[in-house]
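Student: Please take a close look at one part of this model, the place where a bound molecule would sit, and then work outwards to the framework around it. I would like one connected account rather than a list.

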Amino acid sequence: MPDNNRDNTAEDIINFYKTASTDELCKRAASLCESIHGKEIILRGLIEFTNYCSQDCLYCGIRKSNKNAVRYRIDKDEIIKIVSMGYNAGLRTFVLQGGEDPYYTADKICRILEQIKKKTEYKASVTLSIGVKSRKTYRKFREAGADRYLIRFETSDRELYQSIKINSSFEKRIAAIHDIKELGYEAGSGYMTGLPGETEETRINNALLCRKLELDMVGVGPFIPSNNTPLAASPKMPLEYAIRATALLRLLLPKAHIPATTAAGTIDQHGREKMVRAGANILMPNLTPVEVKKHYLLYPDKICLDENANEIIKGLGERMSAIDRKISFSRGSALRLGK
Ligand code: SAM
């Protein structure tokens with residue numbers, strides 16, 4: 001059984017994972033999490049600023065070929081307004097996420113980054129999650145103020161990756177993570193659990209790849225079959241896969257920031273609490289305006305569709321205090337960097 005007081009080898013941890021019940025695994029991971037991150041659950045404001053996408057990932061509701069998706073873009077001034085509102089509510093990290101939308105050129109993104117930094121008095125961190133770009137573009141974003149970049153590898157199984165992310169290269173996605181790290185970003189990646197064709201070995205390899213990449217942030221969530229996609233009829237796998245993955249990731253990457261993801265909250269009313277109990281330490285209140293939020297439908301039945309930012313933050317605070325945790329407005333920088 002891994003001991004919280006020493007560095008465990010990956011082998012020790014995997015052996016424990018294979019034999020432990022989900023309850024044992026979560027208890028161990030939560031106790032390790034608390035010893036490093038305390039009882040605080042850090043909030044990051046999420047802005048889903050475009051659902052246009054040039055990619056055609058088989059699992060995703062905003063894929064290019066989904067003609068039923070209602071498309072929207074939030075313009076620069078509106079993004080700045082949303083950030084200001086979040087900043088005034090206390091948030092100190094903003095995550096800009098979107099499809100791979102050619103309308104948002106590197107220059108447009110840079111102008112948005114510069115304005116966010118200015119508007120938040122250079123006190124807030126900005127994370128981008130807008131897919132694979134060239135190293136040169138990542139450098140531009142970094143120089144314009146981006147602090148963090150999230151890019152999930154989705155699955156460590158190369159063949160599975162190639163079959164669900166058509167016209168996309170697994171190698172390029174991994175290379176992007178290396179580029180991001182080398183350019184001084186705090187780097188985030190992650191994967192979905194329960195993809196069709198995934199095995200227990202895949203799930204173990206997914207977590208091991210996160211450790212190998214020495215990620216600062218890892219997001220894992222259940223794959224939810226989405227209407228109007230080629231994977232719509234795939235079976236829904238249990239949330240337990242994502243819960244066990246969260247606990248395993250916490251044991252393998254004790255210092256990482258790990259979110260309790262929206263996808264977990266979507267398939268189970270208490271999914272995010274379960275993830276926190278498995279060692280997650282981040283929540284991402286969704287600041288996307290109510291009118292368009294309903295169209296960022298990666299998967300069906302996404303939660304919080306009708307609530308505004310303040311209501312969401314209040315609700316998360318109540319949910320966390322009910323499980324003996326406390327929401328925090330800290331920037332939540334990577335611990336690796338000793339900030
Ligand atoms: N376009 C950027 C990218 O690909 O990195 C960011 C946006 S993408 C929609 C964000 C994440 O949504 C993906 O990395 C994927 O893991 C998740 N996602 C998409 N479709 C999903 C589904 N059906 N179920 C669960 N998660 C899904």
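Tutor: A polar contact is a pair of N or O atoms within 3.5 Å. The model is a predicted one, and the distances below should be read with that in mind. A backbone N or O atom of glycine 98 lies 3.0 Å from a nitrogen atom of the ligand. Isoleucine 224 likewise offers a backbone N or O atom, at 2.8 Å from a ligand nitrogen, whereas glutamate 154 approaches through a polar side-chain atom, which lies 2.5 Å from an oxygen atom of the ligand. There are 17 residues around the ligand, and those that come nearest are Tyr59, Arg152, Glu154, Arg173 and Ile224.

Glycine 98 leads from the ligand into the framework, since S3 is the strand of residues 93-98. S3 belongs to an open sheet of six strands, in the order S2-S3-S4-S5-S6-S7, with parallel pairing. The edges of this sheet are formed by S2 (45-50) and S7 (217-222), each of which pairs on one side only. On average, and with direction ignored, neighbouring strands here are turned by 20 degrees against each other. Five bridges link S2 to S3 in the parallel sense, and within that pairing isoleucine 47 has leucine 96 of S3 as its bridge partner.

Two helices can be placed against this six-stranded sheet. Helix H4 (residues 106-119) lies across S2, S3 and S4 (125-129), and runs at about 155 degrees to S4. Helix H8 (residues 200-212) lies across S6 (186-193) and S7, and its direction makes about 180 degrees with that of S6.

A further open sheet consists of three strands, in the order S8-S1-S9, and its pairing is also parallel. S8 and S9 stand at its edges with a single partner strand each, so one side of each has no neighbour in the sheet. Helix H13 (residues 309-321) packs on this sheet and touches S1, S8 and S9, while its direction makes about 140 degrees with that of S9. Three bridges join S1 (residues 40-43) to S9 (residues 326-328), and glutamate 40 is paired in this way with lysine 326 of S9. S1 is joined to S8 (residues 282-283) by two bridges, where leucine 43 has leucine 283 as its bridge partner.

The loops on either side of S8 each hold a residue worth following. Alanine 280 lies in the loop between helix H11 (271-277) and S8, and is buried because its relative accessibility is 1%, under the 20% limit. With neighbours within four places in sequence left aside, its contacts are Cys33, Ile41, Thr246, Ile258, Pro259, Ala260 and Met275. Its C-alpha atom is also separated by 9.2 Å from that of leucine 249, although the two residues are 31 apart along the chain.

Threonine 288 is found after S8, in the loop that leads to helix H12 (290-293), and at 2% relative accessibility it too counts as buried. Its side chain forms a polar contact of 2.6 Å with that of asparagine 286. Beyond its neighbours within four places in sequence, threonine 288 touches Leu46, Ile47, Glu48, Tyr72, Ile74 and Lys293. Ile47 has already appeared in this account, as the bridge partner of leucine 96, and through this contact the loop after S8 can be traced back to the six-stranded sheet.

One last point concerns the cysteines. A search of the whole structure finds zero disulfides. For cysteine 57, the closest cysteine sulfur is that of cysteine 60, at 6.1 Å, which is too far for a bond because a disulfide requires the two sulfur atoms to lie within 2.5 Å. Cysteine 57 is buried, with a relative accessible area of 9%. Cysteine 110 is in no disulfide either, and the nearest cysteine sulfur, in cysteine 53, is 20 Å away. With a relative accessibility of 4%, cysteine 110 also counts as buried.

How values were computed. Residues are numbered from 1 along each chain as its sequence is written. This is a predicted model: local features need pLDDT of at least 70, side-chain atom pairs count only at pLDDT 80 or more; totals for chains, interfaces and linings use all residues. Side-chain values use heavy atoms; hydrogens and water are left out. Two strands pair if DSSP finds at least two bridges between them. Helices (H or I, at least four residues) and strands (E, at least two) are DSSP runs, numbered from the N terminus. Axes are lines fitted to C-alpha atoms, for helices over the stretch in contact, and angles run from 0 to 180 degrees between N-to-C directions. Contact means heavy atoms within 4.5 Å. Buried means under 20% relative accessible area, exposed over 50%, partly exposed in between (1.4 Å probe, protein chains only). A polar contact is a pair of N or O atoms within 3.5 Å; within protein, one must be able to donate a hydrogen and the other to accept it, and residues adjacent in sequence count only if both atoms are side-chain atoms. A residue is near a molecule or strand if one of its heavy atoms lies within 4 Å of it.
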